[in-house]
Amino acid sequence: HQVTTLTVGVYYAKYILNDAKLVGNIIMYHHFPALVVMLLVPIALDKGASKRTLAILSGVSMLLGSLISLVYASGVPFIISMGLRGIGFGAFSSVIYGMLADTVEYGEWKTGVRTQAINVTANGVGQKIGSGLGTAAFGGLLTMCGYNGMAEVQTASAVSCIRIIFIVAPIAIYLILIVLAWLFKLDKQFPQIQKELEERKRSKASVN
């Protein structure tokens with residue numbers, strides 16, 4: 001998501017919106033709603049909203065944003081589309097680490113072993129690898145489509161490639177996110193898991 005929104009956004013502003021300076025606007029349209037939502041998510045969680053539900057809604061919001069920009073490449077609808085992508089990004093970023101923490105408890109409940117260090121490390125490595133591969137893939141696809149950084153005017157295939165990567169590619173990512181969030185069932189199981197873990201700890205303490 002970050003690669004398609006920020007890295008590709010530079011090219012989108014220059015070659016689709018025809019003004020490289022507009023990349024700042026794109027980032028603002030995306031990041032400001034994301035920041036607002038990040039401040040509101042803890043309130044929603046305190047009111048009883050589940051992380052799973054918020055994750056699903058975040059995917060739907062980003063998906064809707066991409067679908068709007070698929071039809072409207074600029075103008076007010078494009079601003080709205082970036083806002084929706086930002087709202088979804090802010091919500092998902094706010095719950096993903098909580099969901100990751102839940103998997104630590106689940107792992108201990110299932111296997112008797114806590115693996116928080118491994119989980120956090122795997123998440124960090126996955127993000128870095130994903131970002132690196134995404135950037136490399138973007139550069140490779142641009143080259144394949146005939147992009148020339150020295151040219152004042154890009155080929156139609158290069159411009160289409162930029163638009164596809166910025167708008168169409170994220171759609172697949174958001175669909176996968178929605179499916180994975182839908183399959184996340186720990187929110188309902190978590191109270192029982194915590195109860196059983198506490199019982200195990202008390203049992204071990206009484207034995208010792």
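**Exercise 1. Place S58 in the predicted model and list what surrounds it.**

Step 1. Start with the contacts, meaning heavy atoms within 4.5 Å. Leaving out residues up to four places away in sequence, S58 touches G88, A91, F92 and L177.

Step 2. Find the element. S58 sits in helix α3. Helices are DSSP runs of H or I with at least four residues, strands are runs of E with at least two, and both are numbered from the N terminus.

Step 3. Classify the exposure. S58 counts as buried because its relative accessibility is 1%. Buried means under 20% relative accessible area, exposed means over 50%, and partly exposed lies in between, with a 1.4 Å probe and protein chains only.

Step 4. Check the polar side. A polar atom of the S58 side chain lies 2.6 Å from the backbone oxygen of A55.

Step 5. Add a distance. S58 and G132 are 74 residues apart along the chain, and their C-alpha atoms are separated by 24 Å.

Two notes on the source apply throughout. This is a predicted model, in which local features need pLDDT of at least 70 and side-chain atom pairs count only at pLDDT 80 or more, while totals for chains, interfaces and linings use all residues. Residues are numbered from 1 along each chain as its sequence is written, and side-chain values use heavy atoms, with hydrogens and water left out.

**Exercise 2. Is W182 buried or exposed, and which residues does W182 contact?**

Step 1. W182 belongs to helix α6.

Step 2. W182 is exposed, because its relative accessible area is 52%.

Step 3. Set aside neighbours within four places in sequence. W182 is then in contact with R52 and I56.

Step 4. Compare sequence and space. W182 and A55 are 127 residues apart in sequence, yet 8.4 Å apart from C-alpha to C-alpha.

**Exercise 3. Describe the nonpolar cores of the chain.**

Step 1. Fix the term. A nonpolar core is a set of buried Ala, Val, Leu, Ile, Met, Phe, Trp, Tyr and Cys residues joined through side-chain atoms within 4.5 Å.

Step 2. Take the largest core. It has 21 residues, and V41, A55, M62, L63, V95 and M99 have the most contacts inside it. Two or more residues come from each of α2, α3, α4, α6 and α7 (186-207).

Step 3. Inspect one member. Beyond four places in sequence, V41 touches L54, A91, S94 and V95.

Step 4. Look for another core. A second, separate one has 17 residues, including Y12, L17, L142 and C161.

**Exercise 4. Compare the settings of H30, S81 and N18.**

Step 1. H30 is in helix α2 (residues 23-46). H30 is buried, because its relative accessible area is 0%.

Step 2. The H30 side chain makes a polar contact with the side chain of H31, at 2.9 Å. Such a contact is a pair of N or O atoms within 3.5 Å; within protein, one must be able to donate a hydrogen and the other to accept it, and residues adjacent in sequence count only if both atoms are side-chain atoms.

Step 3. S81 lies in helix α4. S81 is buried, with a relative accessible area of 0%. Beyond four places in sequence, S81 touches G65, I68 and S69.

Step 4. N18 lies in the loop between α1 (2-15) and α2. N18 is exposed, with a relative accessible area of 61%. N18 is not a glycine, but has a positive phi of about 65°.

**Exercise 5. Which residues make the nonpolar surface patch, and which helix gives the most?**

Step 1. Set the rule. Patches are made of residues with over 30% relative accessible area and no salt bridge; like charges are joined within 9 Å, and nonpolar side chains (Val, Leu, Ile, Met, Phe, Trp, Tyr) within 5 Å. A salt bridge is a side-chain nitrogen of Lys or Arg within 4 Å of a carboxyl oxygen of Asp or Glu.

Step 2. List the members. L67, L70, V71, Y72, I164 and V168 make a patch of about 520 Å². Areas come from the Shrake-Rupley method with a 1.4 Å probe; for residues, only the protein chains shown count as cover.

Step 3. Assign the helices. α3 (51-71) and α6 (156-183) each supply at least two residues. α3 gives the most, with three.

Step 4. Place Y72. Y72 lies in the loop between α3 and α4 (75-111). Y72 counts as partly exposed because its relative accessibility is 45%.
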